[in-house]
Amino acid sequence: MIVRTRFAPSPTGRPHIGSIWLALFSYIWAKQNNGQFILRIDDTDQERLVAESEQEIKDVLLWFGINYDAYYKQSERLEIYHKHCLDLISSGNAYYCFCSKDRLDSLRAIQQNNHQPTKYDRYCLALADTEISSKLNSGVSKVVRLKIPDDQTTTVMDIVRGEIVFKNNLLDDSVLLKSDGYPTYHLASIVDDHLMEITHVIRAEEWLSSAPKHIILYRAFNWEVPKLAHLPLILGTDRSKLSKRHGAVAALDFRDLGYLKDAFINFLVLLGWNPKNNQEIFSLDQLIKEFSFEKMNKSGAIFDINKLDWFNHYYIQRLSIDELLQESLPFITKAKLPATDLEFVKRILTVIKDRLRKLSEFQSLANFFFALPDYEKELLPWKAMPLPRVKDRLQIILELFANVSEEEFTSQNLERLIKNLISEKSFEVGETCWPLRVALTGVKNSPGPFDVAWVLGKPETLTRIKIAIQKLS
RNA sequence: GGCCUUGUCGUCUAGCCUGGUCUAGGACAUCGCCCCUUCAAGGCGGUAACACGGGUUCGAAUCCCGUCAGGGCCA
């Protein structure tokens, strides 16, 4: 039997980290078994529908390079759910319920007061057939409820958690079909998972408590129960389920912040899965080879952006300059920097690469290459160095650099030149290098002066030194 | 409140099944030092955890019981 997994997000907002994290494992498991991965849009909650949501779900998958073998949308399958719901009613596993919201509310209030479990009291289960058909004909608002069997217990077999036993008398007769004609998650996902031949349902732990109802549904239909894997939740720093109030949780935000997809995937997967050795760096392909549910953790992991940054820095360092350029281009465009000369940009990337943690940092790390900031002349001296001496040093360097040909204007050459100068004249290193660096960058922190000079090229380097000298005059 | 579930450094985790090799290993973060013209990067080193209480055992992070704490779902 071919393994089929599905990613079944509800398009109720921007797809977030926890959701895509689940998708990753579903995909990995399917691919490990040469199986199929299905995208299903679970859009049966019409009230919470967000229009752009579906496209963004696809965009995240696209970013990750995850292809899906089939695509479904639940709102286009309403008839299927209705038909199966009717089947359930005729087999006695489900029933119509016409109870008003008021009655349900007061029922709940009474139960709560008596410290009883709050669940539907099956009032409508006792309705006579004639009564049911007359209510049906009269068009009063109705739902369909699952009839939980009176068995003692229902056992959920979970791949990562083992056997979990639930007492049936504590289970509520959940609504299967809502009054607006849309199915609930319980009905729609069970019908679809069966019809789509899903072999492994990989979903979040929050569904664990409704798992027994799902098993009861499969049995009511006389269908085989797929393998269930309830994965732990991704947590915010306060250990509660990650949500919008924890800040940036939309998966695509991380793309836009300049995280590499490989770094992001690597980081994400290690939240909850671990190879049980010290290896931390994994490509998607390696993950597909090495993943196993036995190595899945049962407890929720806190999303720690520090570690993500570290992974991203690691992956950036391993990119060639050409690859880095390709990845950086969107961010350079967004920063509105006049980066028309790609060779120039590549030089910049060469010298700032090791301090790049996120691609979006290009802007703050590199803007002085494009335009010299207007800095105060007080920034030029090294420590308590007198201004005339600063000017003197820059003058000497200017003459020295002016004599270097354009093709010899490299970082190494310039460094050698300055180091020679320093030892010949017994200058202090700081008093020579710092003013040069400030003259070229105009900022407090930057790459070294020789790297910057090489990036800038001879004419611009000389120009900037002259500007500094002018400031000191 | 009921049901379910989880519990090793601040964080991600290894070890737990198959007790001793654990004075609990790795990584991120943090701190210190080195390098050094700045900031990074890099190198080296440090601080830091078995939730608690019983029990079983010669011996428990590992097995059993209880407690506590966190989380999820329903309300």
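The exercises below, each with a worked solution, deal with a predicted model.

**Exercise 1. Aromatic pairs**

Task: Find how many aromatic pairs the structure holds, and classify the pair of F221 and W223.

Solution: The structure holds 29 aromatic pairs. In the pair of F221 and W223, the ring centres are 4.1 Å apart and the planes are at 15° to each other. Planes under 30 degrees apart count as stacked, so this pair is stacked. F221 and W223 are both buried.

**Exercise 2. A pair between two helices**

Task: Classify the pair of F254 and F264, then state which helices the pair links.

Solution: Start with the geometry: 5.0 Å centre to centre and 15° between the planes, a stacked pair. Next, place the residues: F254 belongs to helix 8 (residues 251-256) and F264 to helix 9 (residues 261-269). The two are 10 residues apart, and the pair links distant parts of the chain. Both F254 and F264 are buried. Finally, look at the surroundings: F254 and F264 belong to one aromatic cluster, whose members also include W63, F64, Y259 and F303.

**Exercise 3. Charges over rings**

Task: State which rings R145 and R437 lie over.

Solution: R145 lies over the face of Y120, 3.9 Å from the ring centre. For R437, the charged end sits over the ring of W434, at 4.6 Å from its centre.

**Exercise 4. The nonpolar cores**

Task: Describe the largest nonpolar core and say which helix gives the largest share of it.

Solution: The largest nonpolar core has 110 residues. The residues with the most contacts inside this core are L231, L268, F303, F362 and F369. Helix 1 (residues 17-32) supplies the largest share, 11 residues. Take L231 as an example: leaving aside neighbours within four places in sequence, L231 is in contact with residues including W21, L22, F25, V160, F293 and M296. Another core, of 31 residues, lies apart from the largest one, and A94, V144, L176 and W223 are among its members.

**Exercise 5. Two packed helices**

Task: Work out how helix 3 and helix 6 are oriented to each other, and which residues meet.

Solution: Two packed helices are described by the angle between their axes and the distance between the axes. Helix 3 (residues 78-90) and helix 6 (residues 185-195) pack at about 100°, and their axes are 10 Å apart. Angles of 65 to 115 degrees count as roughly perpendicular, so helix 3 is roughly perpendicular to helix 6. On the helix 3 side, I80, Y81, H84 and C85 make the contact; on the helix 6 side, L187, A188, V191, D192 and L195 do.

Conventions:
Residues are numbered from 1 along each chain as its sequence is written. Chains are lettered from A and ligands numbered from 1 in the order in which they are written. This is a predicted model: local features need pLDDT of at least 70, side-chain atom pairs count only at pLDDT 80 or more; totals for chains, interfaces and linings use all residues. Side-chain values use heavy atoms; hydrogens and water are left out. Rings of Phe, Tyr and Trp (its six-membered ring) pair if their centres lie within 6.5 Å; planes under 30 degrees apart count as stacked, over 60 as edge-to-face and the rest as tilted. Buried means under 20% relative accessible area, exposed over 50%, partly exposed in between (1.4 Å probe, protein chains only). Helices (H or I, at least four residues) and strands (E, at least two) are DSSP runs, numbered from the N terminus. A charge sits over a ring if NZ of Lys or CZ of Arg is within 6 Å of the ring centre and within 35 degrees of the ring normal. A nonpolar core is a set of buried Ala, Val, Leu, Ile, Met, Phe, Trp, Tyr and Cys residues joined through side-chain atoms within 4.5 Å. Contact means heavy atoms within 4.5 Å. Axes are lines fitted to C-alpha atoms, for helices over the stretch in contact, and angles run from 0 to 180 degrees between N-to-C directions. Angles under 35 degrees count as roughly parallel, over 145 as roughly antiparallel, 65 to 115 as roughly perpendicular and the rest as oblique.
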